[in-house]
Amino acid sequence: SAFELVCSAPPHATGRYAVEVSANTQDWTESRVEFAYYSGPHVHAISPVLGPEDGGTLVEVSGDGFVASAQLVCRFGADSRPVAAEWVNGSVVRCRSPPHGVGNVSVQVSSNNQQYSAEVALFEYQLPMVVASVRPAEGPVGGGTMVVVQGLHFSHRSAALGLLRCRFGDTSVPAFISHSMELRCVTPASTSCSPVPLELTSNAH
């Protein structure tokens, strides 16, 4: 339009450079509006490496070349909609996983929402765990009670990575899978005789 044009940035050394426009390749604007060239982001690892299919997992991405910009995003799968990323420093960004079907997807970072990191890290979407029953439902304040939780979608990979945990109130403890529909964990000590909620996580978050 009369108020907008689009052009592709050519290759250039890193740094900030003025962008000018010409209608005849001789007379150029003198606006001194700058465009920044950077080396590009590189992804090395993510934590946690898995989460539920309904999304919402806060994922920390480690790497280098992350630039603090308004267009900093993560992408969970090449065909997915990007999500906003929080810049922590040049080596760490954080972003929340969007909803996605069960399976492994590649995680990439972009500083301009166009060019993404060539390297990827794999994030596994899992079915959310379902708790059907807990027994026993009580135990001594000193802890040590073996609690059996029955339900669905308990992840053997989460258990193998040490990410499967039970949380009694504010205290979490490791959980161990007996079989696909049952896991066990030992109650920690408590400072009161009051009931506490029992929650499960497959990614230690």
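Analyst: Two strands are said to pair if DSSP finds at least two bridges between them, and that definition will serve us throughout this predicted model.

User: Then let us apply it to V43: which residue is the bridge partner of V43 in β5?

Analyst: As a general idea, the strands of a sheet pair through backbone hydrogen bonds, either parallel or antiparallel. In this structure the bridge partner of V43 is G63 in β5, and that bridge belongs to a pairing in which strand β3 (residues 42–47) and β5 run antiparallel and are joined by five bridges. On β9, too, β5 has a partner, since β5 and β9 pair in the antiparallel sense over five bridges, with V61 facing V93 as its bridge partner in β9.

User: Which strand is joined to β9 by a hairpin, and through how many residues?

Analyst: The hairpin joins β8 to β9 through two residues. Strand β8 covers residues 86–89 and strand β9 residues 92–96, and the two pair in the antiparallel sense over three bridges. W87 has V93 in β9 as its bridge partner, and V93 is also the bridge partner of V61, which makes V93 a useful residue to find on the screen when tracing these strands.

User: How should I read the side chains along strand β5: which of them are buried, and which are not?

Analyst: They alternate along the strand (residues 58–64), with V59, V61 and G63 pointing to one face and buried, while L58, E60, S62 and D64 point to the other face and are not buried. Just before this strand, T57 is found in the loop between β4 and β5. Buried is the word used under 20% relative accessible area, so T57, at 6% relative accessibility, counts as buried. Leaving aside neighbours within four places in sequence, T57 is in contact with several residues, among them P48, C95, F123 and N203.

User: What is the strand order of the open sheet of five strands, and which strands stand at the edges?

Analyst: The order is β4-β11-β10-β6-β7, with mixed pairing. β4 (50–52) and β7 stand at the edges, each with a single partner strand, so one side of each is left without a neighbour in the sheet. At the β7 end, β6 and β7 pair in the antiparallel sense over two bridges, and V73 stands opposite A84 in β7. The loop between β6 (73–76) and β7 (83–84) contains S80, whose side chain reaches the backbone oxygen of F76 at 2.7 Å and also has a polar atom 2.9 Å from the backbone oxygen of G77.

User: How many salt bridges does a search of the whole structure find, and which residues are linked in a network?

Analyst: The general point is that side chains of opposite charge can pair when their charged atoms come close. Here the search finds five salt bridges, and E60, E86 and R94 are linked in a network of them. Within that network, R94 forms a salt bridge with E60, the closest N and O atoms being 3.2 Å apart. R94 lies in strand β9 and E60 in strand β5, so this pair ties together parts that are 34 residues apart in sequence. The side chains of R94 and E86 meet in a salt bridge as well, at 4.0 Å from N to O. As for accessibility, R94 is partly exposed at 28%, E60 is partly exposed at 29%, and E86 counts as partly exposed at 43%.

User: Which residue forms a salt bridge with E124, and is E124 buried or exposed?

Analyst: The partner of E124 is R157, with the closest N and O atoms 2.6 Å apart. This pair links distant parts of the chain, since E124 is in strand β11 (residues 121–126) and R157 in helix α1 (residues 156–160), 33 residues apart. E124 is buried, with a relative accessible area of 18%, whereas R157 is partly exposed at 38%.

User: And which residues form a nonpolar patch on the surface?

Analyst: V130, L152 and M181 form it, with about 240 Å² of accessible area together. M181 lies in the loop between β16 (176–179) and β17 (182–186) and counts as partly exposed at 46% relative accessibility. For contrast, look at V148 in strand β13 (residues 146–152), which is buried, with a relative accessible area of 6%. Not counting residues up to four places away in sequence, V148 touches S133, V134, R135, E182, L183 and R184.

Conventions. Residues numbered from 1 in each chain as written. Predicted model: local features only at pLDDT ≥ 70, side-chain atom pairs only at ≥ 80, totals over all residues. Heavy atoms only, no water. Helix = DSSP H or I, 4+ residues; strand = E, 2+ residues; numbered from the N terminus. Polar contact = N/O pair within 3.5 Å; in protein donor to acceptor, adjacent residues only side chain to side chain. Buried < 20%, exposed > 50% of the residue type's maximum accessible area, 1.4 Å probe, protein only. Contact = heavy atoms within 4.5 Å. Patch = residues over 30% accessible without salt bridge, like charges linked within 9 Å, V, L, I, M, F, W, Y side chains within 5 Å. Areas by Shrake-Rupley, 256 points an atom, 1.4 Å probe, with all protein chains shown as cover.
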